[in-house]
Each structure stands twice: as structure tokens, then as C-alpha cells.
Amino acid sequence: MKQLRSNVIRAGLEALYFTGAHHLFRPIFAGVGSIFMLHQVRPQRDAPFQPNCHLEVTPQFLRAVLTHLRSRGIDIVTMDEMHRRLTERDFARRFACFTFDDGYRDNRDFALPVMREFDAPFTVYVASDFAQGGGNLWWIALEMVIAKASRIEASIDGVATRFDTSTLAAKHAAFERLHDWLRALPGRDDLAREIKALCGRYGIDQAAICGESCMSWDELKPFAGEPLVGIGAHSITHCNLAQQPDEIASQEMATSRARIENALQLPALHFAYPYGDKGAAGRREFALAKAAGFKTAVTTRPGMVFPESAEYPTALPRVSLNGNYQDERLLPVLTSGAATAVWNGFRRIDAA
Ligand SMILES: [Zn+2]
């Protein structure tokens, strides 16, 4: 199903490209700028089973995006500068922001050198448990469990369910089913408990994943001191905030900000909602982010930034640089706003 959706999106992007329709969209739907969303940046890996590969792009692709933006004369700016332009309605020049979620070490090792080539600032949203070393990167743990096992048993809603994971196709099907199940679990602790049980049963060292993937506070300190780097908050536990009661959701926001400010001695005035889709960030979360004092907060809802986005600084959409579509030809489609306009049914703002 995910593969199908991915193929449909690719076909849509290519149709826009080949028909040239994105040129027609640009004046109306390109907005005043865009906020790009990335996660990991690293060279292509050989492993056949990479169900999370939509969450990573290669340094070469990142370079191609930056080259494209520079060739169009688009300013690459910090989130602070984007916020200033929005509030002062300074839209003389188009802008783009680069944001990276979770705090992966490869952001330092592979993204930073490329961003330096273009003197391009960027923001990394750190989930404080990930920097602490005890975070739950359950989607990576699930990938490792399924890559290793040839069959898996899990108790889904109290029913023992078996999954064949002996072939690549079966592994993808099992990943999709288990991923959707885990994401839908309600409490903050339910997901942690289930993924811990799976890792225990199939011999995956879950505790090591966080330290292997994410920067620690000690690493973040010099990284945050880099002139091009800004650090934002991304909750404490990386939970689905919309599923939490008010006090936990606001504590996840306020405390994650305080931890960053304590550890790095820098203000953290920008926030990214974990998961960030409609099921994870809605009106209540937008209000809580504002109450927690964040200047901006970004979702994963697809969209460009429009002048009217100034009224919704804690409900900003982003443009995903998705690892499944690392095709330089499609970059003009992405920056034209055509793809996100189609996705949004031609509405410019979606902040409800
Ligand atoms: Zn995240």
C-alpha cells in the first residue's frame, strides 16, 4: 500500500514535470517560500531491506537541491529570519529554510559539510531523550527486528499474530502492518513496551540504537556552536502529542525546550511536532506550542509558506525531501508549489 502510494505520488510529480503544468501553478501556489524537511543524510547503503529509506537522502541529492535553489536566486535563511520576514511581511525575495528532525549524527557528518559549501543555515530539531541516549527510535528498531528475523510473532490487540518475514516482500508487508499498529498505540509507554518486547524476543540491542544514530549532548554542544546551525526542540520522548492529555503534551514541549537551553546554553525558540501529521498535531498542539513560548512550530503537513502563514506561526507546513523521490528533474515541481497544491486540494493554508 505504501509502495503504491509512493508510486502514485511519483507519477503525479512526473506528470506535473512532463506537462510543464508546474509553471502554471508557480505564480499562485509557490507562496513566498518553503521550509524543507529532512531527517537523515548519508551515502546510499547496500542493505536490501530499507523500509525507512524515505527518511534519508544522500549528500549528493542535498547538494542538488541547494544548487537548484541558488540558481533560482532563492535566499536560504534561518527560522528566525523566516519568522521576521513573515511578521514584517518582507517578501521582496523568496526564501527557503532547511530543517532536520530528530538530531541524527549524520546531520553533522554529512549534511553540515554540504550546507557549508553553500553557506546555508539550517535547524536541527532535537528530541531530548534522543540526546540523552535513552530515546526510543522504534522505527529503526522495527527495521532491525524484521531484517534479522524470518518470522515474527506479536500480540496485536491481545491476539497472537504471526508474520512471515522470510522474503523481502514479506518483510515489507510485515513492517507496514507492525509500523501502523505501533504508531496507533495510545499511551506514551505502550509503544515503548511493545517495541522493547519485540527487540528482546529477536535479539536486537535496542539500547544501542539511540547512541549509534543520534548526537549526544556532548556532541551537540560544539555542533550547536557552528555558525550555520540552529537547534530547535522536538519534544522529550518523541511521542504523538495529540494523543497525550493537556499537561503531558505541554510538559513535552516546555521541558524539551528547557533541557536544550540548559544543556547547550542557547535559546530554543522553534519546535517541530513529532510525526507532525494531522493525527499528531492539530489546533490544541498549535495553541500549546504558542503558550510554551515557541516563535514557530513546524508540522509535516505538506505545503508552501504564504503571506497568510504569518497568522499561524505554530502550524507551519513543510516540503519533505523524501528519500523515495531523489530525482533532480523534479525539483522545479517541488519549488513551484504544484505538488503540495494538488495534495491540499488547492487550499493555501491548512491550520485547523
Ligand atoms: Zn521526529
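**Salt bridges in a predicted model**

Let's start with one residue: Glu81 is partly exposed, with a relative accessible area of 22%. Keep in mind that this is a predicted model.

Who is the partner of Glu81 in a salt bridge? It is Arg85. The two side chains meet with N to O at 2.8 Å. Both residues sit in helix α4, which covers residues 79–87. They are four residues apart there, so about one helical turn separates them.

Is Arg85 buried or exposed? Arg85 is buried, at 10% relative accessibility. The cut-off for buried is under 20%. So this salt bridge joins a partly exposed Glu81 to a buried Arg85.

Next, Arg84. Its side chain forms a salt bridge with Asp90, again described by an N to O distance of 2.8 Å. Arg84 is partly exposed, with a relative accessible area of 28%. Asp90 is partly exposed too, at 26%.

Now a pair with neighbouring numbers: Arg108 and Asp109. Their closest N and O atoms are 2.8 Å apart, in a salt bridge. Asp109 has 36% relative accessibility and counts as partly exposed. Arg108 is partly exposed, with a relative accessible area of 28%.

Which residues are joined into one network by salt bridges that share partners? Asp75, Glu81, Arg84, Arg85, Glu88, Asp90 and Arg93. You have met four of these names already: Glu81 and Arg85 from one bridge, Arg84 and Asp90 from another.

Last, the total. How many salt bridges does the structure hold? The count is 24.

Terms used: Residues numbered from 1 in each chain as written. Predicted model: local features only at pLDDT ≥ 70, side-chain atom pairs only at ≥ 80, totals over all residues. Heavy atoms only, no water. Salt bridge = Lys/Arg side-chain N within 4 Å of Asp/Glu carboxyl O. Helix = DSSP H or I, 4+ residues; strand = E, 2+ residues; numbered from the N terminus. Buried < 20%, exposed > 50% of the residue type's maximum accessible area, 1.4 Å probe, protein only.
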